[in-house]
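Colleague: I am new to reading protein models, and I would like some help. Could we go through one together, feature by feature?

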Amino acid sequence: MKHILHVVGARPNFVKAAPVLRAIRQLGIRQTLVHTGQHYDRNMSDVFFTQLEIPEPDFNLEVGSGSHAVQTAEIMRRFEPVVVECKPDIVLVYGDVNSTVAAALVCAKLLIPIGHVEAGLRSFDRTMPEEINRIVTDRLADLLFTPSEDGDANLLREGVPKERIHFVGNVMIDSLIRLLPVAKSFSQNGMPKRFALVTLHRPSNVDSNENLQRILNSLTEVSGELGIIFPVHPRTRQRIEAFGINTERLHLLEPIPYIEFLSLQTRATVVITDSGGIQEESSYLGVPCLTLRANTERPVTVTCGTNTLVGEDKDMLTSELKKILSGKAKKGTIPPLWDGHAGDRIANLLQIL
Ligand code: UD1
């Protein structure tokens, strides 16, 4: 009998792991869940477990925050005895956060097979910590589950043997499809009729006073035409306070739970973000998305979806917003296999491989 161990640590991991955990449970395969504790605030972690119906983790490593080296090392140090004790047949890691690469490094040294869910994505920008995490994790993984065909192409180009790569579709969209009816029925009383839903947390956007100031100024400029709803990541909140930026014309909120956020996305006139997953979710929902980055590791959201990269160009942000407000938003289509069954495909592959 197989034993599968999952490692999750940060908000997007929870959304990706939920459908895989469910599909594996339905096959009756034994599984263990490890939460590294990279995200630990109630509204960054527990709420997601509840709404996505993820079982209580079997282990919580409670690593908390730290520099990249400290956080990665601490996860490795605390994860090693757990994995040695559990002796799983395979460890599944998700996405591109520090918990992903830390767990993969531990398993590779212990010769425990690794499956990487959301493999093959590349921004080709090594200034992003996530890009380093993706490259290293894919290099170490034995099974690589890709969300889109560009992932397969990237891995093949890097010399990953074809038989290790499995195009399964997008697990994040599995969660979205399952909870969309609940999100749609969720009341959003008091929201402006037209609004931009904004999220920002990339170090390149929020750690520099100049960049953060520039972005928030642009949002303030358009706030007369549409409401700016901005659930603020703790990292960004710290920076806004430290830099003393005036945000009085923006509606700043605490980080919000998954279903409430999805509900806001379905109703938004436009989504403005630097997140990876939100580019995918807005594309699936057909809501225009302006991404405040020069590149994306999710190119299908631009080629197929509703996403436009505006980079650091303030004028482009303003002109793209004007287009959307005048009814000329980009129309998109849904990429192949973003159909709500990616988790089932992974579970079925794990059963036979
Ligand atoms: C991490 C991921 C990023 C992902 C994001 C989703 C890495 C390298 N980055 O970024 O890819 O898109 O999660 O949210 O893994 N903090 C809290 N409470 C929490 C968690 C964090 O207050 O529950 C604060 C801490 O001050 C911390 C800071 O947020 O130092 C950043 O957290 P961290 O986990 O290091 O990275 P994220 O920016 O969340």
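Colleague: Let us start with Phe 145: which residues does Phe 145 touch, not counting residues up to four places away in sequence?

Modeller: Keep in mind that this is a predicted model. Leaving out residues up to four places away in sequence, Phe 145 touches Leu 92, Gly 115, His 116, Val 117, Glu 118, Ala 119, His 166, Val 168, Ile 346, Leu 349 and Leu 350.

Colleague: How many residues are in the largest nonpolar core?

Modeller: First the general idea: in soluble globular proteins, nonpolar side chains tend to be buried together. Here the largest nonpolar core has 41 residues, and Leu 52, Phe 145, Tyr 258 and Leu 350 have the most contacts inside it. Two or more residues of this core come from each of strand 1 (3-8), helix 1 (11-26), helix 2 (46-51), strand 4 (90-94), strand 6 (143-146), helix 7 (171-185), helix 11 (258-267) and helix 15 (342-352). Helix 1 gives the largest share of this core, eight residues. Each of domain 1 (3-169 + 338-352) and domain 2 (182-325) supplies at least three residues to this core. Another core, of 26 residues, lies apart from it, and includes Leu 216, Phe 230, Leu 250 and Leu 290.

Colleague: Now the empty space, please. Which residues lie nearest the centre of the largest pocket?

Modeller: The general trick is that rolling a probe the size of a water molecule over the atoms shows where empty space is left. In this model the largest pocket has a volume of about 1200 Å³. Its lining has 48 residues, and Arg 11, His 39, Met 44, His 201 and His 233 lie nearest its centre. At least two lining residues of the largest pocket come from each of helix 1, helix 3 (68-86), helix 5 (129-140), helix 10 (234-243), helix 11 and helix 12 (277-285).

Colleague: Let me pick His 201 from that list. Where does His 201 lie?

Modeller: Look in the loop between strand 8 (195-199) and helix 8 (203-206), where His 201 lies. His 201 has a relative accessible area of 21%, so it is partly exposed. If you set aside its neighbours within four places in sequence, His 201 is in contact with Val 206, His 233, Arg 235, Thr 236, Asp 274 and Ser 275.

Colleague: And the cavities: how many of 30 Å³ or more does the structure hold?

Modeller: There are two cavities of 30 Å³ or more. The largest cavity has a volume of about 60 Å³, and its lining is made up of Asn 205, Arg 214, Ile 215, Ser 218, Leu 292, Gly 311, Glu 312, Asp 313, Lys 314 and Leu 317. Helix 9 (209-222) and helix 14 are the elements that give two or more residues to this lining. The largest share, three residues, comes from helix 9.

Colleague: Next, backbone angles. Is the phi of Glu 118 positive or negative?

Modeller: As a general guide, most residues other than glycine have a negative phi, and most peptide bonds are trans. Glu 118 has a positive value, near 80°. Glu 118 sits in the loop between strand 5 (114-117) and helix 5, and its relative accessibility of 7% means that it counts as buried. Leu 337 also has a positive phi, near 65°. You will find Leu 337 in the loop between helix 14 (314-325) and helix 15. With a relative accessible area of 28%, Leu 337 is partly exposed.

Colleague: My last topic is cysteines. Why is the sulfur of Cys 304 not in a bond with the closest cysteine sulfur?

Modeller: In general, a disulfide is a covalent bond between the sulfur atoms of two cysteines. To count as one, the two sulfur atoms must be within 2.5 Å. The sulfur of Cys 304 is 14 Å from the closest cysteine sulfur, in Cys 289, so the two are too far apart for a bond. Cys 304 is partly exposed, at 23% relative accessibility. By the same cut-off, the count for the model is zero disulfides. Cys 107 is in no disulfide either, and the nearest cysteine sulfur, that of Cys 86, is 11 Å away. Cys 107 counts as buried, at 0% relative accessibility.

Notes: Residues are numbered from 1 along each chain as its sequence is written. This is a predicted model: local features need pLDDT of at least 70, side-chain atom pairs count only at pLDDT 80 or more; totals for chains, interfaces and linings use all residues. Side-chain values use heavy atoms; hydrogens and water are left out. Buried means under 20% relative accessible area, exposed over 50%, partly exposed in between (1.4 Å probe, protein chains only). A nonpolar core is a set of buried Ala, Val, Leu, Ile, Met, Phe, Trp, Tyr and Cys residues joined through side-chain atoms within 4.5 Å. Helices (H or I, at least four residues) and strands (E, at least two) are DSSP runs, numbered from the N terminus. Domain bounds come from an automatic or database domain assignment. Contact means heavy atoms within 4.5 Å. On a 1 Å grid over the protein atoms alone, a cavity is a set of points where a 1.4 Å probe fits but cannot get out, and a pocket is an open set with protein on both sides within 12 Å along at least five of seven lines; lining residues have an atom within 4 Å of a point. Grid points are joined across faces, edges and corners, and a volume is the space filled by probe spheres set on the points.
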